[in-house]
Amino acid sequence: PGVLTELHQHAALRNYKSLEPKDAIYRTLFPTSSEHFADDSNGKLMAAALQLGSRLATAEPSTALAEIAHYINEARIAGNTWPDLTPNVLRRISEESDDPLAWLDAAIRVGLPPGNEQPFLLELVKRRFEGWRECLSTLLNDPERGVSSAAVVICFDDLPEEITDRAIELLSGERRLVQSMWLQEKIPAGTRRQILSSRYVELSAAAAVSEWWCEKRGRHNPDLSSAWREAVLKVSPGEHYLKEIFTAHPDLAEPWLEAQVIAEDDRFFSADRSVLVDVMRSIDISRWPKTIKSLQKRTDTWTLIRELMEDDPARYAALLGEPGLHDYHLTPLAGKPRSSWLKFARLAIDSGYSDKQIAHAVVFGDRDVHTGPESEYLTGLLKALPDPDPDDHGIKTAIEQCRALFQKQLQLALNREEEEAVHGDDW
């Protein structure tokens, strides 16, 4: 049937009419993509699938499922695996059957591919059909069907604790599956809370991101707030949605950062620093002294402070107003001047710093890494000094002192380079 369906599609392109008719059941289970796009808008394909499921629900389970297993294999061989309405057919059979256990047994016995037995297991547990617990426990320990069975378990929040715990363990490496079920609202609140609070860090973190998606769509369950907040602390620094989460919940930024420091995961501090910068900006600046202190052994806080300031005078004013960050007050002025340097310098003077202190910070506070001759680097810094407002005596004096110090350092560098050119690096 699978090959025949493919031949029909090629024949249609060439107007051949003499092929054998397509298998009706196969076509219902695996309509072609052209049929799907042409007909599914009015529900014809789905209606046909559900009708087939109702008809098969009265058949002998092994016979019906062996036939479906055959068609699934045909579709796999022919590469005709989408659209696939088999799950819809199986779900209708499970809903209308009198004995879901018989169908589940048949699904396993005839070798229905793992995952396809899910509708029967779901119905078995939902009805609390005789033998459901033993059957569920057995399948959870089946190497091939354990994960798909675990996905059924988390659709309930009233199963024995040991069963739910086992299911969560099996799903600990299936974050995408859990996220998909989460967004489809297949997982009840009680089980969501268990997953958020689980000891499996990656699963718990994935659940936290999923619940954030729900919050964005107005579907967040307030009863999960406490568990969700704890799970957010496990979210990886590389997670795209962290910035969004901290923008909406800035009070989570500091405890999340503390968790990264405690975890001693150097990947965070060696990765893209923009994550760290975004998190720090979410934290109230009055809390920065404590946070900066905790970060000193893990990252270059001098560079971090410069990145945090960017060209934002308001943020720099806040930095100058924080006594606990005194050692970093002039850090944003060091090195090559940025576009807001004049505004920064005026703020520093207004905060009580002298022109000499500013000049010293600019020339000797620079830690930027550079290559090539030092004289070229210093010349570049000297040329980058901005022209001050002639009426601003404090800034004018500070820049004059910067130039004088840079000239002195430049001359020293030129002398040293001249000696090295004559005598070599070891002179």
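The largest cavity has a volume of about 40 Å³; select its lining to begin. This is a predicted model, so local features need pLDDT of at least 70 and side-chain atom pairs count only at pLDDT 80 or more, while totals for chains, interfaces and linings use all residues. Residues are numbered from 1 along each chain as its sequence is written, and side-chain values use heavy atoms, with hydrogens and water left out.

**Stop 1: the cavity**

Select Glu-310, Asp-311, Pro-332, Arg-338, Ser-340, Trp-341 and Phe-344, which line the largest cavity. A cavity here is a set of points, on a 1 Å grid over the protein atoms alone, where a 1.4 Å probe fits but cannot get out; lining residues have an atom within 4 Å of a point. Grid points are joined across faces, edges and corners, and the volume is the space filled by probe spheres set on the points. How many cavities of 30 Å³ or more does a search of the whole structure find? The search finds 1.

Colour the lining by type. It divides into 3 nonpolar, 1 polar and 3 charged residues. Ala, Val, Leu, Ile, Met, Phe, Trp, Tyr, Cys and Pro count as nonpolar, Asp, Glu, Lys and Arg as charged, and the others, Gly among them, as polar.

**Stop 2: helix α10**

Go to residues 146–153, helix α10. Helices are DSSP runs (H or I, at least four residues), numbered from the N terminus. Of the 8 residues in α10, 7 are buried, so the helix is largely enclosed by the rest of the structure. Buried means under 20% relative accessible area, exposed over 50%, and partly exposed in between (1.4 Å probe, protein chains only). Pick out the buried ones: Gly-146, Ser-148, Ser-149, Ala-150, Ala-151, Val-152 and Val-153. Now show what covers them, including α8 (118–126), α9 (132–140), α11 (161–170) and α12.

**Stop 3: Val-178**

Stay with α12, residues 175–183, and select Val-178. Is Val-178 buried or exposed? It counts as buried, because its relative accessibility is 2%. Beyond its neighbours within four places in sequence, Val-178 is in contact with Leu-171, Ile-187, Ile-195 and Leu-203. Contact means heavy atoms within 4.5 Å. Add Ser-210: its C-alpha is 8.8 Å from that of Val-178, at a sequence separation of 32 residues.

**Stop 4: salt bridges**

The whole structure has 19 salt bridges. Each is a side-chain nitrogen of Lys or Arg within 4 Å of a carboxyl oxygen of Asp or Glu.

Start with Arg-229 and Asp-251, whose closest N and O atoms are 2.4 Å apart. This pair links distant parts of the chain, 22 residues apart: Arg-229 sits in helix α15 (residues 225–232), Asp-251 in the loop between α16 (242–248) and α17 (253–263). Arg-229 is partly exposed at 30%, and Asp-251 is partly exposed at 43%.

Next, select Lys-290 and Glu-258, which form a salt bridge with the closest N and O atoms 3.3 Å apart. They too link distant parts of the chain, with Lys-290 in helix α20 (residues 288–295) and Glu-258 in helix α17, 32 residues apart. Lys-290 is partly exposed at 47%, as is Glu-258 at 30%.

Finish in helix α6 (residues 86–96), where Glu-95 and Arg-92 are separated by about one helical turn because they are 3 residues apart. Their side chains meet in a salt bridge (3.8 Å, N to O). Glu-95 is partly exposed at 44%, and Arg-92 is partly exposed at 21%. Add Glu-96: salt bridges that share partners join Arg-92, Glu-95 and Glu-96 into one network.

Key: Helices (H or I, at least four residues) and strands (E, at least two) are DSSP runs, numbered from the N terminus. On a 1 Å grid over the protein atoms alone, a cavity is a set of points where a 1.4 Å probe fits but cannot get out, and a pocket is an open set with protein on both sides within 12 Å along at least five of seven lines; lining residues have an atom within 4 Å of a point.
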